[in-house]
Amino acid sequence: MPALTPSSPPSTFSSSPPATPAISRPSKRPFSEVTSPSSEDRPSPLFPLAKRSKLSAKLSSTVKAKSSSNTKNGAPKPSQQKLTQLHFNIDQSILRTCPICDLSYTKGASGDEALHRTHCAKVQQGMEWGREEEKDRIRNGENVVTDVVTDVKLRGRKKKGRVICFSADIDGKIGAKLSIILQTVNTALSSSELSPAALQCSKGYLFLIPHDTMPNRERIAGCVIAQRITTAMAVVPPSVQGCLFTSTDLSNDLSLPSTTPTSSATPRPVAVGSDSNIFCDPTPLPTPMGISRMFVYSAYRRLGIAQALLDTAAATFIHGCPLDPLKGQVAFSQPTGTGQAVMEKWGKGAVRVFEDDD
Ligand SMILES: CC(C)(COP(=O)(O)OP(=O)(O)OC[C@H]1O[C@@H](n2cnc3c(N)ncnc32)[C@H](O)[C@@H]1OP(=O)(O)O)[C@@H](O)C(=O)NCCC(=O)NCCS
């Protein structure tokens with residue numbers, strides 16, 4: 001069953017961009033595999049095996065009963081009853097991709113459907129940020145959460161939001177909340193968990209907006225994890241890509257023709273991910289900040305939240321040293337299609353790409 005295929009392997013680089021994407025963001029993993037790694041937890045097939053054997057036992061006993069009743073009193077044994085195929089549907093895929101949460105799951109598999117429903121609800125509305133978390137921010141008299149910006153306007157909304165920041169390896173109530181957020185994000189992006197080492201050199205930025213009904217509570221509308229990195233690759237502008245990839249490349253001949261702008265001394269661009277059309281110059285360039293995770297709950301998308309989080313992260317990630325995405329000081333890890341749209345709008349082509357450790 002395709003929904004149970006194993007997870008995509010971690011990202012790797014290659015140098016044959018058009019034919020085989022090189023850094024492959026793990027393609028959207030089927031839902032059951034993402035959420036239930038053990039084989040016991042996987043959803044049962046449409047006809048569970050136990051049920052199938054019961055069904056065939058029932059059929060054969062019916063046939064036996066019929067044939068034995070027909071042979072009673074020494075009557076001639078009739079030819080075996082012909083079974084008719086009543087329902088056979090091969091023209092519709094049972095794999096569904098949810099337009100809201102973008103997850104693929106097997107329609108009809110109750111476990112898969114239930115897991116999808118849970119995830120879909122989590123993707124739409126962020127969790128609450130309330131009194132418990134506010135209490136937890138003061139530890140031994142020290143505030144472990146920074147209020148980075150307040151009164152952030154949202155497009156078309158009266159409510160204003162704020163951005164808070166804390167170390168991504170934080171523990172306690174706030175740490176527990178961050179790991180739940182990251183679980184949802186990782187499932188949505190089909191990414192693996194960030195390693196403890198990566199979290200240790202990362203900061204989590206949360207966008208909070210006032211709760212609709214409860215006055216002293218807020219909702220987490222979006223999240224960005226910014227990581228200290230050393231190098232990243234520059235993106236090759238689309239206008240140049242056309243010159244780099246000729247029909248020779250596309251026909252799987254990996255040697256670039258001498259008429260192309262790249263010579264044998266110039267490293268060949270590598271493709272990033274399977275659902276983006278980004279190509280990078282593989283030369284590692286010093287880059288201080290990488291965005292390893294970026295997520296806005298679907299109820300709050302296209303309000304400018306991702307951009308606000310990125311602005312805040314670039315301005316505050318390194319104390320006293322604001323970073324400029326337009327100067328290539330920020331990189332994204334293997335962006336998704338919409339991640340690429342944000343990257344282009346925010347960084348105007350100067351945002352780089354790095355390979356995170358998932
Ligand atoms: C990608 C994501 C974080 C964007 O969050 P967002 O708050 O909606 O983004 P913003 O409102 O700040 O949008 C900034 C710009 O990015 C571009 N953009 C964002 N979402 C887009 C979309 N779905 N289609 C096309 N362009 C889009 C637009 O240019 C937008 O500016 P505009 O609204 O003025 O046109 C959000 O869609 C998301 O969480 N997606 C699922 C997870 C994901 O793919 N993360 C990216 C990992 S790299």
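The shell around the ligand divides into 12 nonpolar residues, six polar and three charged. For that split, Ala, Val, Leu, Ile, Met, Phe, Trp, Tyr, Cys and Pro count as nonpolar, Asp, Glu, Lys and Arg as charged, and the others, Gly among them, as polar. This is a predicted model, where local features need pLDDT of at least 70 and side-chain atom pairs count only at pLDDT 80 or more, while totals for chains, interfaces and linings use all residues. Residues are numbered from 1 along each chain as its sequence is written.

So who sits around the ligand? There are 21 residues, and the closest are Arg-301, Ala-306, Gly-339, Ala-341 and Lys-345; a residue is near a molecule if its C-beta atom, placed from the backbone, lies within 6 Å of it. Two or more residues each come from α5, β13 (289-296), α9 (305-316) and α10. Helices (H or I, at least four residues) and strands (E, at least two) are DSSP runs, numbered from the N terminus. The largest share of the shell, five residues, belongs to α10.

Stay with α10 for a moment, since Gly-337 is found in that helix. Gly-337 counts as exposed because it has 11 C-beta neighbours inside 10 Å; the cut-offs are 12 or fewer other C-beta atoms within 10 Å for exposed, 20 or more for buried, and partly exposed in between, with C-beta atoms placed from the backbone. The C-alpha atoms of Gly-337 and Asn-277 are separated by 8.4 Å, with the two positions 60 residues apart along the chain.

Follow the chain on from α10 (337-347) and you reach Lys-348, in the loop that leads to β15 (352-354). Lys-348 has a positive phi of about 45 degrees, although it is not a glycine. Most residues other than glycine have a negative phi. Lys-348 counts as exposed, because it has 10 C-beta neighbours inside 10 Å.

Asn-140 is another non-glycine with a positive phi, here about 50 degrees. Look for Asn-140 in the loop between β4 (138-139) and β5 (142-143). Asn-140 is exposed, because just 5 other C-beta atoms lie within 10 Å.

Now back to α5, which also helps line the ligand shell. Its 18 residues (172-189) should span 26 Å at 1.5 Å a residue, and the end C-alpha atoms are 25 Å apart, which agrees; the expected span is 1.5 Å times one less than the number of residues. Among the buried residues of α5 are Ile-174, Leu-178, Ile-181 and Leu-182, and Lys-177 is buried too. Just after α5, Ser-190 takes a positive phi of about 55 degrees.
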